[in-house]
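These notes are meant for someone opening this entry for the first time. They go through single residues, then some helices, then the ligand and the chain as a whole.

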Amino acid sequence: MSHSTDLNTASSPSIPRDAIFATPLDKLASFSFDEQVASVFPDMIKRSIPGYSHILGMTGVIAKRYVPEGGRIYDLGASLGATTLSVAQQLEHLEKVEFVTVDTSAAMTERCAGILAKNLPKRSITSLCSDIRHLDYQPCDLILLNFTLQFLPPNDRQPLLEKLYQALRPGGALIISEKIHFQDPRQAQLLYELHHDFKRANGYSDMEISQKRTALEDVMLTDTPEQHLQRLLTTGFSFASQWFQYLNFASFLAIKGDC
Ligand code: GEK
């Protein structure tokens with residue numbers, strides 16, 4: 001099976017496999033980023049998000065354009081730090097870049113700090129267990145929101161973007177990657193079904209797909225691409241563009257000031 005499509009039916013013996021929703025659960029609790037999820041997260045996210053590895057890889061490439069020597073990068077909702085790892089790889093030529101990862105999940109943050117210390121021993125990295133809505137942001141050059149905004153209540157999204165915009169230096173960039181939905185009902189239904197086909201092709205059973213969907217129902221609320229772009233422009237970004245889409249997942253790049 002080709003890995004370039006993010007279809008990963010073959011399991012890797014070194015990565016614990018996600019089977020959280022594989023048995024019938026009497027009472028489905030809302031999805032939370034606890035220890036159980038953190039322990040299987042790399043497998044879960046790769047088998048669930050079409051284009052995940054492409055988005056992470058390209059996030060690093062985009063970073064190279066916007067982060068100068070001495071710059072600062074925030075990875076918000078960092079989980080296990082995969083986005084930061086990709087960015088650090090592309091910024092090898094810069095010695096003094098400050099990385100800050102933020103996540104509300106203690107289980108994720110603890111693991112993230114360990115993974116980054118092991119893989120990036122010479123880097124300046126701070127891993128904070130904190131809510132991205134309440135953080136005091138320092139001036140920065142790049143902000144990464146890969147699959148995190150969708151977990152905030154919709155009314156909190158615009159105020160967060162305004163706070164992030166204030167923190168960005170002129171010429172700085174924001175990347176937002178998200179699950180999206182569509183205004184056109186036919187497009188919405190087809191891409192929704194194709195995403196389920198994608199998960200099935202990656203080894204999830206119908207029961208796993210359905211139980212996870214129920215657990216996520218009130219926790220993850222998606223926007224349309226139009227809502228994302230409008231919100232970015234309303235915030236004040238001089239440029240906002242969708243640079244990636246794979247089924248119902250997309251990524252957006254916004255620039256503050258000249259680009
Ligand atoms: C990756 N970016 O691998 N404040 C801080 N963190 C939060 C908040 C909040 N208010 N709400 C949710 N989170 C990562 C993947 S996962 C996406 C990001 C997914 C955190 C939450 O704890 C989780 O770790 C992360 O956002 C979302 O590229 O699992 O679909």
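1. L174 is a residue of strand β5. The model is a predicted one, and this holds for every point below. L174 has a relative accessibility of 1% and is therefore buried, the cut-off for that class being under 20%. Its contacts, with residues up to four places away in sequence left out, are I143, L145, L161, L164, L168, L232, F237, F252, L253 and A254. The C-alpha atoms of L174 and I255 lie 6.5 Å apart, although 81 residues separate the two in sequence.

2. Q245 belongs to strand β6. Its relative accessibility is 40%, so Q245 is classed as partly exposed. Once neighbours within four places in sequence are set aside, Q245 touches I180, F182, L191 and A250. Two polar contacts involve the side chain of Q245: one goes to the side chain of Q242, at 3.3 Å, and in the other a polar side-chain atom of Q245 is 3.0 Å from the backbone oxygen of L247. P50 is 195 residues away from Q245 along the chain, with 9.0 Å between the two C-alpha atoms.

3. S48 is part of helix α1. With a relative accessibility of 6%, S48 falls under the 20% limit and so is buried. Apart from neighbours within four places in sequence, the residues in contact with S48 are H195, F198, K199, Y204, K212 and F249.

4. K212 also appears among the buried residues of helix α7, which spans residues 206–216. The others in that set are E208, I209, Q211, A215 and L216. These buried residues of α7 pack against α1 and against α6 (185–201).

5. Helix α2 runs over residues 52–66, 15 residues in total. From its first C-alpha to its last α2 reaches 21 Å, close to the 21 Å expected at 1.5 Å a residue. Its buried residues are Y52, I55, L56, T59, G60, I62, A63 and Y66. The cover over them includes the helices α1 (35–48) and α3 (82–90), together with the strands β4 (140–146), β5 (168–179), β6 (239–246) and β7 (249–255).

6. Which residues come nearest to the ligand? Of the 23 residues around the ligand, these are Y52, G77, S79, D103 and N146. By type, the shell around the ligand holds 12 nonpolar, 9 polar and 2 charged residues.

7. Several polar atoms of the protein lie at short listed distances from the ligand. A polar side-chain atom of D103 is 2.6 Å from an oxygen atom of the ligand. A polar backbone atom of G77 is 2.8 Å from a ligand nitrogen, and a backbone N or O atom of I132 is 3.0 Å from a nitrogen atom of the ligand. Taken alone, the ligand exposes 660 Å², and 93% of that is buried by the protein. The elements giving two or more residues to the shell are α1, α2 and α3.

8. Two residues other than glycine are worth checking for their backbone angles. S79, already named among the residues nearest to the ligand, has a positive phi of about 50°. S79 sits in the loop between β1 (72–76) and α3, and its relative accessible area of 12% is the reason why S79 counts as buried. The second is F147, whose phi is positive too, near 65°. F147 lies in the loop between β4 and α5 (157–167); because its relative accessibility is 6%, F147 is buried.

9. For the chain as a whole, how many helices and strands are there? The chain has 8 helices and 7 strands. Of its 259 residues, 49% are buried. The accessible surface of the chain is about 12400 Å², and carbon and sulfur atoms account for 53% of that area. Counting contacts between residues at least 6 apart in sequence, 79% join residues at least 24 apart. The pair L174 and I255, 81 residues apart in sequence and 6.5 Å apart between C-alpha atoms, gives one example of distant residues brought together in space.

Methods. Residues are numbered from 1 along each chain as its sequence is written. This is a predicted model: local features need pLDDT of at least 70, side-chain atom pairs count only at pLDDT 80 or more; totals for chains, interfaces and linings use all residues. Side-chain values use heavy atoms; hydrogens and water are left out. Helices (H or I, at least four residues) and strands (E, at least two) are DSSP runs, numbered from the N terminus. The expected span of a helix is 1.5 Å times one less than its number of residues. Buried means under 20% relative accessible area, exposed over 50%, partly exposed in between (1.4 Å probe, protein chains only). Contact means heavy atoms within 4.5 Å. A residue is near a molecule or strand if one of its heavy atoms lies within 4 Å of it. A polar contact is a pair of N or O atoms within 3.5 Å; within protein, one must be able to donate a hydrogen and the other to accept it, and residues adjacent in sequence count only if both atoms are side-chain atoms. Accessible areas come from the Shrake-Rupley method with a 1.4 Å probe; for residues, only the protein chains shown count as cover. Ala, Val, Leu, Ile, Met, Phe, Trp, Tyr, Cys and Pro count as nonpolar, Asp, Glu, Lys and Arg as charged, and the others, Gly among them, as polar.
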